[in-house]
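Got your viewer open? Let's take a walk through this model, one selection at a time.

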Amino acid sequence: MSPNPLLAPWETPFGIPPFNLIHPDHFPPAFAHAMDEHLAEIDAITANPAKPTFANTIEAMQRAGQTLARVAGVFSNLVVSLGGPALEALDTEMSPKLAHHGMRVALDPALFRRVDSLHAQRDTLTLAPDEARLLDRVHLGFIRSGAALGEAEKTRMAAISERLATLHTQFGQNVLHDEKDWHLPLTETDLAGLPEFLRAGARQAAAERGLDGYAITLSRSLIEPFLTFSARRDLRQIAFEAWIARGMHAGAHDNRALIPEILALRAERARLLGYPDFASFRLADSMAGTIQAVEHLLQEVWEPARQKAAAERARLLAVARAEGFNDTLAAWDWRYYAEKVRAADYDLDESLIKPYFTLPNMQQAAFDTASRLFGLSFIPLPDLPLYHPDVRAYEVRDETGHVGIFLADPYARPDKRSGAWMSSFRDQENMGTAVSPIIVNNNNLARAEPTLLSFDDARTLFHEFGHALHGLLSRVRYPLQSGTSVKRDFVEFPSQVYEHWFELPETLARYALHHETGEPIPPATIARLLAARGFNQGFATVEYTSSALIDLALHTHPAPETIDIESFERDVLAGIGMPAEIGLRHRPAHFQHLFAGGGYAASYYAYMWAEVLDADGFDAFLEAGDPFDPPTATRLKTILSAGDTIDPMELYVAFRGRAPSTKALLKGRELV
Ligand SMILES: [Zn+2]
């Protein structure tokens with residue numbers, strides 16, 4: 001039998017995974033081997049007769065589990081980016097096993113004793129600042145996993161963790177199922193209002209499903225423009241209702257039943273650890289710190305957002321009435337009439353703007369911005385064997401040489417998870433041997449030649465690239481502190497602040513070039529695009545903030561096992577005064593941030609929290625009089641390089657010279 005390529009040395013350029021050799025069947029034996037190896041490494045630490053030291057315990061833990069990290073890095077990325085029945089089945093099989101393994105290490109009594117004794121003497125250990133923080137964070141990780149609890153509670157914590165892993169996987173697979181399962185076939189007569197780029201995307205989507213004509217799918221790159229442009233109200237309603245029904249179909253893929261169980265398990269875990277509910281537990285280890293701090297921020301934007309949305313609604317209705325629309329405005333009408341208002345009030349027509357935003361130019365804009373700010377260069381690597389022909393690879397370099405590898409996977413595919421995200425195949429670390437990062441950005445753009453982006457798509461490209469820079473610029477010693485391994489409500493700062501360079505007039509003038517003529521977007525159009533930035537922000541803020549408020553309500557519920565998710569949603573929306581014409585951005589049954597994993601549970605507010613920082617932070621460049629001001633860029637680079645070696649508020653204050661203020665956020669959304 002040939003050796004398992006996941007376990008054999010990777011003789012590939014830059015040590016990228018040997019994708020061309022890896023088959024799904026390789027994962028179970030590789031995981032089994034890697035978990036055994038990790039446990040043996042942990043046993044060696046706990047069996048060490050020497051007294052615990054930072055080196056023989058904390059640092060040794062950081063050196064342990066490298067094979068597991070390598071195998072899991074490949075697996076977790078392929079599951080979401082590539083997908084398909086074999087990987088989905090393996091994900092279902094592996095996720096509880098990996099959770100079991102994780103808890104076995106996290107609850108190991110001998111290991112915890114060593115860490116706990118070190119933590120007790122932390123003030124006399126003369127540790128460097130990153131080491132001291134690592135010791136604190138590792139110790140806190142044990143406490144929050146339940147290592148200090150009694151035996152029965154620890155057993156229960158492990159069981160909760162395994163069950164949650166299974167439920168999270170199932171939840172995500174159910175959403176993917178519903179997204180794959182539905183499409184709206186269209187004939188020529190159904191295309192009223194659809195611009196050419198959308199027709200091209202719909203033609204491609206039909207072809208990928210073996211159909212003639214056109215199809216709208218639930219991929220964001222098709223459904224949102226369809227709701228924006230289709231003049232057929234009947235079809236908009238059908239599409240909208242399918243979009244918001246994901247995860248809510250009775251049968252084998254119904255997420256409604258999973259939610260109360262997930263919430264109850266999380267609440268139980270929080271109570272075992274001494275917190276009244278999951279949100280209190282979660283926020284205790286966040287930059288915000290408390291539920292009150294989060295509620296305060298969300299309330300600060302909610303009322304102004306509702307008022308702005310009411311004004312927007314009145315304007316929408318005026319335009320609709322002028323067109324002879326006599327019905328009540330519904331959720332499937334908002335985007336359609338908003339686009340008409342945008343055209344009327346700002347003289348902007350999305351279908352005339354999009355031809356200026358080609359994928360290669362926008363990617364180049366993101367690269368060149370990083371060159372100017374941080375001295376990075378990006379060299380295409382056309383011949384690397386990758387996991388899909390869509391993927392493009394680049395070597396990232398700076399003045400000292402190799403920095404890492406950046407992979408871009410831009411297109412929607414039926415088996416790929418929806419949305420946009422950054423991830424890594426390998427994280428930067430340097431414990432004696434420098435390990436360079438391999439970072440991937442995923443988008444779900446409609447495949448078309450040329451690939452034209454909406455203004456929002458292009459902004460998202462910059463957003464994800466900001467996360468990528470956080471991974472690429474990381475300069476830390478320990479894997480646990482690498483790149484984006486920061487607190488959840490800080491992790492969106494690097495991504496969101498990077499969006500500001502996309503919206504610079506000079507970026508647009510240089511990179512927004514018409515795909516046919518090569519002409520730059522006219523300055524007057526740029527001025528109108530920028531003038532329209534506050535447009536529809538009432539809608540967008542209501543859409544977002546309501547989702548964040550539902551998240552908090554779900555995770556502070558005193559008896560979540562009793563929740564009937566549909567009536568709960570109705571009650572919360574009524575309680576906060578949700579405008580009827582605005583749909584929830586994420587209904588619970590397909591709210592993957594909350595339920596396809598634990599990452600954003602009780603933390604969806606993090607985007608708004610980080611927006612306070614990014615709006616205020618970008619102002620530092622404006623105050624310096626130059627969006628590329630070198631000293632300010634150097635200070636920003638310090639944040640992007642620090643990973644989790646320093647407390648985020650300390651990092652921010654060092655960058656800005658003071659604590660953040662919400663003024664810039666409210667101004668940016670035109671809520672003041
Ligand atoms: Zn993000």
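Start with a loop: select the stretch between α23 (592-595) and α24 (606-623), and you will find Tyr600 there. Keep in mind that you are looking at a predicted model.

Is Tyr600 buried or exposed? Its relative accessible area is 11%, and buried means under 20%, so Tyr600 counts as buried.

Now show what touches Tyr600. Skipping neighbours within four places in sequence, its contacts include Arg282, Arg488, Val491, Glu492 and Asp551. Add His593, Leu594, Ala606 and Tyr607 to your selection too, as Tyr600 is also in contact with them.

Next, pick Asp489 and draw a distance line to Tyr600, C-alpha to C-alpha. The two residues are 111 apart in sequence, and your line should read 9.2 Å.

Time to jump to a helix. Select residues 151-181, which make up helix α7, and look for Gln173 within it. Gln173 has 18% relative accessibility, so this one counts as buried as well. Which residues does Gln173 touch, leaving aside neighbours within four places in sequence? Light up Glu88, Asp91, Thr92 and Arg417: those are its contacts.

Now zoom out and colour by domain. Domain 1 covers 13-106 + 108-145, domain 2 covers 182-244, and domain 3 covers 270-378 + 446-672. If you mark the C-alpha centres of domain 1 and domain 2, you will find 45 Å separating them.

Switch to the cartoon view. The chain has 27 helices and 9 strands. Its radius of gyration is 25 Å, close to the 26 Å that the globule rule gives for 672 residues, so the chain is as compact as a globular protein of that length. Want a box around the C-alpha atoms? Along the principal axes, make it roughly 85 × 60 × 60 Å.

With the whole chain still on screen, try colouring by burial: 58% of the 672 residues are buried. Then think about contacts. Of those between residues at least 6 apart in sequence, 74% join residues at least 24 apart.

Last stop: the surface. Turn it on and you are looking at about 26500 Å² of exposed area, with carbon and sulfur atoms supplying 55% of it. Finally, colour the charged side chains. You will get 63 positive and 87 negative ones, and the centres of the two sets lie 1 Å apart.

Definitions and conventions
Residues are numbered from 1 along each chain as its sequence is written. This is a predicted model: local features need pLDDT of at least 70, side-chain atom pairs count only at pLDDT 80 or more; totals for chains, interfaces and linings use all residues. Side-chain values use heavy atoms; hydrogens and water are left out. Domain bounds come from an automatic or database domain assignment. Helices (H or I, at least four residues) and strands (E, at least two) are DSSP runs, numbered from the N terminus. The radius of gyration is taken over C-alpha atoms; the globule rule is 2.2 Å times the number of residues to the power 0.38. Buried means under 20% relative accessible area, exposed over 50%, partly exposed in between (1.4 Å probe, protein chains only). Contact means heavy atoms within 4.5 Å. Accessible areas come from the Shrake-Rupley method with a 1.4 Å probe; for residues, only the protein chains shown count as cover. Lys and Arg count as positive and Asp and Glu as negative; His and the chain ends are not counted. The place of a charge is taken as NZ of Lys, CZ of Arg, CG of Asp or CD of Glu.
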